[in-house]
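Me: I would like to learn how to read some backbone and side-chain features from a model. Could we go through them one by one?

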Amino acid sequence: MKFDINTITRDNVKVLKPYSSARDEFEDFDTADMVFLDANENPYNSGVNRYPDPQQASVKSILAKQHNRSQNQMLLGNGSDEVLDLIFRAFCEPKKDNVITLPPTYGMYGVLANINAIENREVLLSTDFQPQIDKIFKAIDDNTKMIFLCSPNNPTGNSFSEESVVTLLEKFKGLIVIDEAYIDFSEKESWLKKIDQYPNLIITQTLSKAYGLAGIRLGICYASAEIISVLNKIKPPYNVNELTQKRALERLNDTKAIKHEIESIIEQREKLLKVLLEVSFVKKIYPTEANFVLIKVDDANKRYDDLIAKGIVIRNRTTQPLCENTLRLTIGTEEENKKLIEALKA
Ligand SMILES: *Cc1c(COP(=O)(O)O)cnc(C)c1O
């Protein structure tokens, strides 16, 4: 089916004239010897007395190089949570449109749907945690604007089959949002390269997990330049602050350290998986391509409480659909994992 951004975008967003900040109107603002008297800033230099670059050009330029994308195919936000919220607000008409999510999955999609007064049509994953394509198409109607695919999925840890993602990309005329928060822990390739091929594809990534920067809040949205330009119209002008841009830049340049940490986490994950096989109350270990593992135990509430009493906090997922008696364990440092293993074996 043919994707048409004009039928997807909300009418008020189509006609919107975005707020134009002082720094938008004068874009070359890092020209060193200019005198800036345009934004009512305090002129005394503290490193952060100036407004940040609204388009985060230096961060985007590294990302563009590393991922072989152009800067007009990306939008940065205050965590992926802001990026996801912008996507809702650009394309979904409150009290009219709906989206499809595939539980058990990341809870923010449903929360954002609620905040924006958008109906959330939940189509459960299969028992092996794959999208049920037939059921998804039955749930779609003329007002279905987006389908959220979290791959690798949180909390299950697996990624979705290429075949089902392609089917959705090709047969659904709305937007497919693939949340790749955990892609760096997976051997599967990112869907990033497919952006040129599929005009309805949006990919979100984050510096919060593999990149170790949850505290600075930086999320990334990759899509066609057309989609990005719609999102740019509605984003708050200075949504990514100066300190965040600086830290992101430093970290993104340190590819060696990032690679090393990801490798160590994966090594620790494989170690933990082996040990879990020997824990008597662990009934099932789900395959994982992320920095966590979902396990089924005899009594999730009891095991959760026992671990808390030993000073170890994990995530109890027992109330999630298809996740009865499951616990989600994040992979920590070697030392942290030792403590977890000792506690599990005790
Ligand atoms: C942790 C996580 C994120 C990260 O969100 P940020 O707002 O970028 O910190 C996004 N999606 C999923 C599925 C996650 O688990």
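Me: Is Leu 322 buried, partly exposed or exposed, and what is its relative accessibility?

Reply: The model is a predicted one. Relative accessibility under 20% counts as buried and over 50% as exposed, with partly exposed in between. Leu 322 has 32%, so it counts as partly exposed. The residue sits in the loop between β10 (315-316) and β11 (326-330).

Me: What is the sign of phi at Leu 322?

Reply: Most residues other than glycine have a negative phi. Leu 322 has a positive phi of about 65°, although it is not a glycine.

Me: Which loop holds Asn 68, and what is its phi?

Reply: Asn 68 belongs to the loop between α4 (57-67) and β1 (74-77). Its phi is positive, about 55°, and Asn 68 is not a glycine either. With a relative accessible area of 66%, Asn 68 is exposed.

Me: How should I read the peptide bonds before Pro 104 and Pro 152: cis or trans?

Reply: Most peptide bonds are trans. The bond from Pro 103 to Pro 104 is cis, with omega near 0°. Pro 104 is in the loop between β2 (98-101) and α6 (108-115). The bond from Ser 151 to Pro 152 is also cis, again with omega near 0°. The loop that contains Pro 152 runs between β4 (144-150) and α8 (162-171).

Me: Where is Asn 291, and is it buried or exposed?

Reply: Asn 291 is also a loop residue, placed between β8 (282-285) and β9 (292-297). Its relative accessibility is 11%, which means that Asn 291 counts as buried.

Me: Which residues is Asn 291 in contact with, leaving aside its neighbours within four places in sequence?

Reply: The contacts of Asn 291 beyond those neighbours are Tyr 182, Phe 185, Ile 265, Leu 329, Thr 330 and Ile 331.

Me: How many disulfides does the chain have?

Reply: A disulfide is a covalent bond between the sulfur atoms of two cysteines. The cut-off is a pair of cysteine sulfur atoms within 2.5 Å. By that rule there are 0 disulfides.

Me: Why is Cys 92 not bonded to Cys 221?

Reply: The closest cysteine sulfur to that of Cys 92 is in Cys 221, and it is 13 Å away, so the two are too far apart for a bond. Cys 92 is buried, with a relative accessible area of 1%. Cys 221 is buried as well, at 0%.

Me: Turning to the whole chain, how many helices and strands are there, and how compact is it?

Reply: There are 13 helices and 11 strands. The radius of gyration is 22 Å, close to the 20 Å that the globule rule gives for 346 residues, so the chain is as compact as a globular protein of that length. Along the principal axes, the C-alpha atoms fill a box of roughly 70 × 50 × 30 Å.

Me: What share of the residues counts as buried, and what share of the accessible surface belongs to carbon and sulfur atoms?

Reply: Of the 346 residues, 51% count as buried. The accessible surface is about 17,200 Å², with 50% of it on carbon and sulfur atoms.

Me: How many charged side chains of each sign are there, and how far apart are the centres of the two sets?

Reply: The chain carries 45 positive and 50 negative side chains, and the two centres lie 3 Å apart.

Terms used:
Residues are numbered from 1 along each chain as its sequence is written. This is a predicted model: local features need pLDDT of at least 70, side-chain atom pairs count only at pLDDT 80 or more; totals for chains, interfaces and linings use all residues. Side-chain values use heavy atoms; hydrogens and water are left out. Helices (H or I, at least four residues) and strands (E, at least two) are DSSP runs, numbered from the N terminus. The radius of gyration is taken over C-alpha atoms; the globule rule is 2.2 Å times the number of residues to the power 0.38. Buried means under 20% relative accessible area, exposed over 50%, partly exposed in between (1.4 Å probe, protein chains only). Accessible areas come from the Shrake-Rupley method with a 1.4 Å probe; for residues, only the protein chains shown count as cover. Lys and Arg count as positive and Asp and Glu as negative; His and the chain ends are not counted. The place of a charge is taken as NZ of Lys, CZ of Arg, CG of Asp or CD of Glu. Contact means heavy atoms within 4.5 Å.
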